[in-house]
Every structure is written in structure tokens, then in C-alpha cells.
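Open your viewer and get your selection tool ready. We will take this tour one stop at a time.

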Amino acid sequence: MNSAKYISTRGKIAPISFQDAVMMGLAEDGGLLIPAEIPQVQNKLEQWKTLSYPELAFHIIRLFTGNDIPDPDLKKIIQKSYATFTADDVVPVKKLADKLYFAELFHGPTLAFKDIALQFLGNVFEYILQQRGGILNIIGATSGDTGSAAIHGVRGKKGIQIFIMYPDGRVSPLQERQMATVADKNVHCLAIHGTFDDGQRVMKEIFNDLPFKKEFSLGAINSVNWARILAQIVYYFWATFRVQDQCNTTDNIQVAVPTGNFGDIFAGYIAKKMGAPISRLILATNENDILSRFFTTGKYTLGEVHPTLSPSMDIQIASNFERYLYYRVHQDAAKTRALMAEFAEKKTITCVGADPDFAAGRGNTAQTLATIQKYYNTANYILDPHSAVGVAVAEQFQRSEPTVCLGTAHPGKFPAAIDEALGKSGLAKHEKLESLLALPLYKTLIEPTRYTIEQFVRENQKVQ
Ligand SMILES: *Cc1c(COP(=O)(O)O)cnc(C)c1O
């Protein structure tokens, strides 16, 4: 056992424990929490290769939870988190083409990779409340996938209420059904009159209302929460091991990641630092390409958000980028602080030199559609539009070693894009989604103001 500690990228908080890091979400100095030390595991890889997914998750996650969660408890949390996945090995890894593999991360309750982290986070929250007593009110704003995965992570859990704001009429009908058909009393879907930005703005206002935050023990489920990154580190080891097995090689593997908030690929960056057999991370964006521009030019410059076929990647300010920046400036918190202040003021910053751990590119709408069509024709496999962006960019960077692309959502979640790509409808389906069509919706229409939402939380937080 070790005593894993967490520090802030801005260097202004004393080191805290894993449990405190999970409850704090964003660091209180405005930075992001990161482990004070990254464990080195090169000498464990051979042994880890033979483990099942939950076993591997246990061995990796315990290095970051330290004395805060005893091994038997952690094992139970992990078992419970991945028992809700329908694939036997949790994350199946399939072959798409020569030296091109695909890791299906979407066999959880809401059919997107966010379940891998949010099933775990929901169980960790429940465990911490059991240890410490008290309650938790989770408030989040979503444009689609995060809200449903978070709801399914905490539905029915004692002591936890979840309030998710989404723009009424602006999420896809399937996405709304994945959230609003959940009948558990601790789940509150707030359909706001407004846009996703209105929801996000109100959420920030509520988290900045410190007396309210304290009185109602607010919790955060977005990817600034370290526990989400932690759970995602696991599948970088898993996927590269499986490709090494299938290719009968000990070469390091490239991993291609469709990227929005930089949460997923940051987990890959940590995995690589730990010693996972990753040769290079391939960062793939859609037309919202602030991150691919950064890795090709060194300039991190805010642009406008364009709606695309891969809406979960339609992001300009990547909330996890600060974590990467901290390592990029050699763990210099003062420098990170200065760069973030510069970005807030000028909307642009520059880093000189390239980072050999990354290659980066973008896939536009035409490439996304063509890629979906191509793998349907050549491999009889339907990629969802987010994963297709990853595969399209991976193709540009293939080299002698194999590449594994992360599959972030099931295609059935995005039927309109699949129909457009394949020129016929009804090919992308999932029984879980079909069964939602018959269920009633539980949602509250509400104005997006701090006052109305706080009032709603006051009135509903004692249901359990
Ligand atoms: C959230 C999401 C992404 C982007 O992941 P980040 O961690 O934000 O980079 C990609 N694909 C799908 C389907 C998602 O839901």
C-alpha cells in the first residue's frame, strides 16, 4: 500500500488524498488535480497481460487510490462497475484491416465510452458517502452523452441526487430518452429553455455560489474529476495488450483517440508515462480542431464551435488540456498558472517544439461519412461518427507497428449520420435503444437561471 496524493496544476493547494480529490472535482485554486507521482509499472506488464479486464483495472487503480480504499473494497467497486457491461471481456478488441484494430469501449449501459468512467465514479461516490456519511447533490449540464452516462452511474444510489440540465429540443430524441426514461427518484432531468451554453453557464454560477455549494454538498461528474481519468487509463493497457496478442508482437502500439475535452487521450498520456506499450498517441478531432492545430503548430487558439456529425467532440475549450500543459512545461505550476492566465486574456498561447508522444490530425464531415462507408464495405463493420473520425485520422499516421483506434460510441446512438453515410436507413440499431421508445419520459421544463435551478435542488434534494 502507498499513500497516493493529489496536487493541483496551479500549485496552490496542499496535497490531498484520493477521496478528497474525487469530492473536490476541480482544485480549489482553480487548477486541475493530478497525482503527485506517476507510478512506474514496466516490470509488471508481462504479468498484467494475462489478467481479465476487472483484474487489470484493480491492479492499475489501486496504485492511485493508495490507503484510501482497502483492496477488498476496491475489488468490489470495480466488479460492480463492470458487471453492467454486456460484453464478456468488457472491452472487445477487433480487427478492421491489416495492422488496424478497434477497441469497443461502448458496451456499458448508455452505449458510449463514458460509462467506463461514470459507472466507476458512481460507485466511488457511493463508497465515500458510506465511509463519511452525508449526502451528495450532483449538478451537471450536458449536450448528450455525459448526462445519460452520469445518470446511469448513480441511479438509485443512497444519499445521491443527480440534476442534469439539457437543452430542451436540442439533444437527439434517443439521447433524451436515455436520460428522461430513468424512473429512479434520485434522478432529475431538467429540460431547460435555452442552449447547452446556458446550462453550462448556470452550472458554473451555482458552483461559484459557495454558501449554496457547501450547504448542499455539490459534486461534479465532468471529466475534470480525476476518478474519470483514472478509470480510463485501464483500457489503454488492455487494448494495447490485446493487439500485441493478436499480432503476436512485443512492439509498442499506436493508439488513435477521437478527442473533444482531452479527457480520454490524457488518460492515454498517463498510461504511456506509466509504461504502457504505446508508441504514440494519435489525436483526432473533427472540424473543431483547436487541439489538432495545437499539436501541429504549437498554437492553442480559441476558435468558434461548429456543429458536426460527431457532436460529443464539438468543443473548443478542452477542460483537460491544462493537465497536459502542466507536464508539457515540466511540472512547473507557476508556468502553468501564467499560461492559463495568458489564455484567459488573449485566447491564445504558444508552446515551442513538438511532442513526439503525439501525432494529430482532423477528419472533416466528408471524411467521416466516407470512413463509415469504407469499413461497412470492406469489413462489414459500422463505425459511429466519433469513432470514424478517429479511424480516418489513424489511417493518415499508420506506420510499421499496429494501430488500435478507440471506439467511443455504438453506431445505434447516431442513426442519422449512419443513414447518411450508408445511403439507407435502419442499419444502425441497438436493442437497448429500441426498448426505450415505449417508456414514459420524466422531465421538468425549467428556465435556466441560478435561482430556478437552486430552488429546484432545495425542493428535491431530500427525496431519499
Ligand atoms: C465524450 C466523447 C468523446 C470525446 O472524449 P473527450 O474525453 O472529451 O476527449 C468522443 N466520442 C464520444 C462518443 C463521446 O461521447
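How many residues surround the ligand, and which are the closest? Select the ligand and its shell (residues with a heavy atom within 4 Å of it): 15 residues surround it, and the closest are Lys114, Asp145, Gly260, Asn261 and Thr408. This is a predicted model, where local features need pLDDT of at least 70 and side-chain atom pairs count only at pLDDT 80 or more, while totals for chains, interfaces and linings use all residues. Residues are numbered from 1 along each chain as its sequence is written, and side-chain values use heavy atoms, with hydrogens and water left out.

Next, pick out the ligand's partners one by one. The side chain of Lys114 has an N or O atom 2.5 Å from a ligand oxygen. Move to Gly260, where a polar backbone atom lies 2.7 Å from an oxygen of the ligand. At Thr408, an N or O atom of the side chain is 2.9 Å from a ligand nitrogen. Taken alone, the ligand exposes 380 Å², and the protein buries 97% of that (Shrake-Rupley method, 1.4 Å probe).

Now colour the shell by residue class: five are nonpolar, seven polar and three charged. Gly counts among the polar ones in this scheme.

For the last stop, select the cysteine sulfurs. There are zero disulfides here, with a disulfide taken as a pair of cysteine sulfur atoms within 2.5 Å. Cys247 is in none, and its nearest cysteine sulfur, that of Cys405, is 13 Å away. Cys247 counts as partly exposed because its relative accessibility is 26%, whereas Cys405 counts as buried at 1% (buried is under 20%, exposed over 50%, partly exposed in between, with a 1.4 Å probe and protein chains only).

Key. Polar contact = N/O pair within 3.5 Å; in protein donor to acceptor, adjacent residues only side chain to side chain.
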